Amino acid sequence: MRRTERVVVLALDGVYPFELSIPHRILGAADGHYEVLTCTVDGQPVRTSADFTVTADHGPQVLATADTVVITAVPPARIAERLPDEVAAALARIPAHARIVSICTGAFVLAAAGLLDGRRATTHWHVAERFRRAFPRVTLDPDVLFVEDGRFLTSAGAASGVDICLHLVRSDHGSELANAVARRCVVPPFRDGGQAQYIEQPVPEQGAASTAGTRAWALGRLDEPLALADLAAHARMSPRTFARRFNDEVGLSPGRWIVQQRVARARHLLESSDLTVDQIAGRVGFATGASLRQHLHAAIGVSPQAYRRTFQAAPSGPATPGKADREAVAAAGAARPVEIRAGKDTGRSH
């Protein structure tokens, strides 16, 4: 029988309502694979950052039953760089095997507990310097959406909580379910963990043409060479203008974005087909199977064969990746941010 994973969300005093709701909304849409419960450190209602309080159905005891724990965010003014006794007592209940996730400033809680010492992590860029000063033993990367280091996952502000929850679904159950959840919640199905937290010029100039149509065009042609000049010609812009506007809208260079999409498509084919690695490489636009292996390993730290064994259906029916499988994938990519390294901005990806 399929095992339902228990996810316990710890709501701290002053919690942001939006971030508190993300695990329930995303993981709760994953076809019953997750049971999401909310608790507080003492079982009492907590104030939110808005003009209302929330009452959770559970106290800290439920943390002892968790497979995954999510620590949600509080406003910077409420950040405690020294762990309050009641929070420390609650965290002490978490099983040693449980995966622990923080959203936004929730990383301060994990760092104050000493759980991130010697590890990579991220948090909201606005409080990055404060985090560095308070926790010098943590290797902070403030420029990415989320970081996975072993069983600890930290994410940046607000909407990156959606990204990290979708990453959990994708890591646990594959891209098909993660994409279905994203469609149900009407959110982007995949933003690379290594993507920039914020874009310097998020709003194009008035009257400027968007690159959205060209991105859609490129997604239908990932198996073809996609040089920057080809993308710019489709958008009817000069390569320089196209590259600038693309980065303004997406936060990535065209070349890096294309590699990201090719890896995502390759992961789906590894999960859902029996095509060889070389065949998949050709279908997604990598020049060789070796190129696909290189890019997949850079993205998630495992080979195509290992990824396929983790997620592909077994002969007896759909396989749910086990805890050991997930830990093997996570361990291979531990101590570095989940990210996709880009190839060149021209031609096929080598």
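Both Phe108 and Phe135 are buried, and they make a good way into this predicted model. Together with Phe131, these two residues form one aromatic cluster. From there, the briefing moves to the open sheet of 6 strands, then to its hairpin, a buried threonine and a charge over a ring.

**The aromatic cluster**

- Phe108 has a relative accessible area of 1%, so this residue is buried, the cut-off being under 20%.
- Phe131 also counts as buried, with a relative accessibility of 0%.
- The rings of Phe108 and Phe131 pair edge-to-face, because their planes stand at 85°, with 5.1 Å between the centres.
- This pair links distant parts of the chain, since Phe108 belongs to helix α3 (residues 106–112) and Phe131 to helix α4 (residues 128–134), 23 residues apart.
- Phe108 has an aromatic pair with Phe135 as well, again edge-to-face, at 5.9 Å centre to centre and 70° between the planes.
- Phe135 lies in the loop between α4 and β8 (139–140) while Phe108 is in helix α3, so their pairing ties together parts that are 27 residues apart in sequence.
- The count of aromatic pairs comes to 5.

**The sheet and its helices**

- Reading across the open sheet, the strand order is β2-β1-β5-β6-β10-β9, and the pairing is mixed.
- At the edges are β2 (34–39) and β9 (146–149), each of which pairs on one side only.
- From one strand to the next, the twist averages 15°.
- As a reminder, strands of a sheet pair through backbone hydrogen bonds, in either a parallel or an antiparallel way.
- Helix α1 (residues 17–27) lies across β1 (5–10), β2 and β5 (68–71), and its direction is at about 165° to β2.
- Helix α5 (residues 160–173) lies across β1, β2, β6 (99–102), β9 and β10, running at about 150° to β10.

**The β9–β10 hairpin**

- Strands β9 and β10 form a hairpin with 2 residues between them.
- Gly150 sits in the turn and has a positive phi of about 65°.
- The two strands run antiparallel, with 4 bridges joining β9 to β10 (residues 152–155).
- Val147 has Thr154 of β10 as its bridge partner, and Asp149 stands opposite Phe152 in β10.
- In a regular strand, side chains alternate between the two faces of the sheet.
- In β9 both faces are covered: Phe146 and Glu148 are buried on one side, and Val147 and Asp149 are buried on the other.

**Thr68, a buried polar residue in the sheet**

- Thr68 is found in strand β5.
- With a relative accessible area of 0%, Thr68 is buried.
- The side chain of Thr68 makes a polar contact of 3.1 Å with the side chain of Arg99.
- Leaving aside residues up to four places away in sequence, Thr68 touches Glu5, Arg6, Val7, Val8, Arg99 and Val101.

**A charge over a ring**

- Arg215 has its charged end over the ring of Phe246, at 6.0 Å from the ring centre.

Methods: Residues are numbered from 1 along each chain as its sequence is written. This is a predicted model: local features need pLDDT of at least 70, side-chain atom pairs count only at pLDDT 80 or more; totals for chains, interfaces and linings use all residues. Side-chain values use heavy atoms; hydrogens and water are left out. Two strands pair if DSSP finds at least two bridges between them. Axes are lines fitted to C-alpha atoms, for helices over the stretch in contact, and angles run from 0 to 180 degrees between N-to-C directions. Contact means heavy atoms within 4.5 Å. Buried means under 20% relative accessible area, exposed over 50%, partly exposed in between (1.4 Å probe, protein chains only). A polar contact is a pair of N or O atoms within 3.5 Å; within protein, one must be able to donate a hydrogen and the other to accept it, and residues adjacent in sequence count only if both atoms are side-chain atoms. Rings of Phe, Tyr and Trp (its six-membered ring) pair if their centres lie within 6.5 Å; planes under 30 degrees apart count as stacked, over 60 as edge-to-face and the rest as tilted. A charge sits over a ring if NZ of Lys or CZ of Arg is within 6 Å of the ring centre and within 35 degrees of the ring normal.
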